[in-house]
Amino acid sequence: MNKLEYLERVPISKDNICIHREEKKCTKCGACKGICKSRIGVYDNYDMKSAKEPMCINCGQCSLVCPNHSIIENYDYQKVREAIKKNKTVIFEIAPATRFLLGDEFGYKQGKNVIYKLITALKKMGASYVFDTTFGADLTICEEATELINRIKANDRLPMFTSCCPAWVKYATYFYPNYLKNLSSCKSPILMTGAIIKKMYPDAIVVSITPCTAKKYEVTITDDVDYNLTVREIALWIKKEGIDFRNLENTRFDDFTGSTSGLIFGTSGGVSEAVIRYAYHKLTGNNPPKKLLNFEQIRGLSDIKQAKIKIKDIDISIAVINGTGDVPKIISMIENDKIHFDIIEVMACDGGCIAGGGGPKTSRINNITKNNRSNSIYKEDKKNKRKCSYQNPKIKKIYKEVLIKPGSDISHELLHKEDL
Ligand code: SF4
């Protein structure tokens, strides 16, 4: 491997499943190295002189900041188009943050929710069905909150780390393998949604649409989802089809919708807030109080957010990190300062998936952009009546008919990864 390459820019292996570099476009400006070093914490974290292959957690932040469009995600939309041409049943599922980012590509104001136009576009392009990944996020919440309560009660493998960000999971595998046992065994929302779809439509091709390049890697780990398309990629496909996106009518999801607990997954702090809402109900039988439906302490863009709450006689200490570059700080808090946490949410991207590496490059990804997107998410949460996963009738139905209850054997079989 060329050592000079390391000095100038992030090296990218030819075998990288998620991204590649078009050499001709690269001016060696070093923007990719800058973000990988400062916020993702990978570039400086390994011995680049002795490494045989470049380490990459697939977050795609380098592709988002590259000003020359030299680093690009590996496209899969042509394969999906082929499957549609062959009259296969192709089912799309749309991740929570996607709807608040895609509009940037079509000239909408930042944070505009364009989900119903996206569904229409997908139907025009041949989708058999379009479902909402917030359904899978609701499932993740039910399973993860149950897992958290069980671990707290048994004082087992605490802190529990969230596991829905595949880039964070890969980061932990590289740099903190001794903490892998602490990760939640829950699959991510796209995989949980895919697992339920495949149970009902075993021959379907399942395609997730997310702002995430790392999910291109994640979908190769299980059989739940066949392809992941990024927001940039679906925008490109829609444009190539000559679809007049702004003038599309609205179409609703075919099935599998979620509560707004599932929606807030798209922004940093959302997973923890949603899990706490569910845990409150599970432990008390009541709906969470207003404070927990507007959990200010863990919202926003601060690097590390912390909160402590008591539900009945159980104390829960929470930390939220956005940007894997801050993981060493939290590990030092645990190991050196002996600070106890029960749950730690980690998202590789700064701000969470609202600033995912596969998001539009038409906006500058600064704090204004991130706040515009997350404010839209919280606004929808505020006005929605179903703010908690257990209030979602689709979730009640799937547990009644298939999964029995969170943490059941069948839930584990379909919705958990016993081996990361
Ligand atoms: Fe993907 Fe979201 Fe993780 Fe970024 S924070 S790598 S977009 S799952």
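This briefing goes through several strands, two helices and the surroundings of a ligand, one topic at a time. The structure is a predicted model, and residue numbers count from 1 along the chain as its sequence is written. Two strands receive most of the attention: strand 3, which covers residues 90-94, and strand 9, which covers residues 314-322.

**Strand 9 and its partners**

- Strand 9 is mostly covered, since 8 of its 9 residues are counted as buried.
- On one side of the pairing pattern, strand 9 joins strand 8 (residues 304-311) in the antiparallel sense over 8 bridges, and within this pair Lys305 stands opposite Val320 of strand 9.
- The hairpin formed by strand 8 and strand 9 has 2 residues between the strands, and in it Lys312 takes a positive phi near 55°.
- Strand 9 also pairs with strand 10 (residues 343-347), here in the parallel sense and over 5 bridges, with Ile343 of strand 10 as the bridge partner of Ile318.
- Together with helix 15 (residues 327-335), strand 9 and strand 10 make up a right-handed β-α-β unit.

**Strand 3 and its partners**

- Strand 3 is mostly covered as well, with 5 of its 5 residues buried.
- Val90, Phe92 and Ile94 point one way from strand 3, while Ile91 and Glu93 point the other way, and all of these residues are buried.
- Strand 3 pairs in the parallel sense with strand 6 (residues 205-210) over 5 bridges, and it runs parallel to strand 4 (residues 129-132), to which 4 bridges join it.
- Phe92 has a bridge partner in each of these neighbours, namely Val207 in strand 6 and Val130 in strand 4.

**Surroundings of the ligand**

- The ligand sits in the largest cavity, and the residues around it include Cys165, Cys212, Cys349 and Cys353.
- Met347, Ala348 and Gly356 are also among the residues around the ligand.
- Sorted by class, the shell around the ligand has 8 nonpolar residues and 1 polar residue, with no charged residues.

**Two helices**

- In helix 2 (residues 31-40), the buried residues are Cys32, Lys33, Ile35, Cys36, Arg39 and Ile40.
- Helix 2 is followed by Gly41, a residue with a positive phi near 75°.
- Asn367 lies in helix 16 (residues 367-383), and Asn367 is classed as partly exposed because its relative accessible area is 46%, a value between the limits of 20% and 50%.
- Asn367 and Gly300 are 67 residues apart in sequence, and their C-alpha atoms are 9.8 Å apart in space.

Notes
This is a predicted model: local features need pLDDT of at least 70, side-chain atom pairs count only at pLDDT 80 or more; totals for chains, interfaces and linings use all residues. Side-chain values use heavy atoms; hydrogens and water are left out. Buried means under 20% relative accessible area, exposed over 50%, partly exposed in between (1.4 Å probe, protein chains only). Two strands pair if DSSP finds at least two bridges between them. A crossover is right-handed if, with the strands pointing away from the viewer, the path from the first strand over the helix to the second runs clockwise. A residue is near a molecule or strand if one of its heavy atoms lies within 4 Å of it. On a 1 Å grid over the protein atoms alone, a cavity is a set of points where a 1.4 Å probe fits but cannot get out, and a pocket is an open set with protein on both sides within 12 Å along at least five of seven lines; lining residues have an atom within 4 Å of a point. A molecule sits in a cavity or pocket if more than half of its atoms lie within 2 Å of its grid points. Ala, Val, Leu, Ile, Met, Phe, Trp, Tyr, Cys and Pro count as nonpolar, Asp, Glu, Lys and Arg as charged, and the others, Gly among them, as polar.
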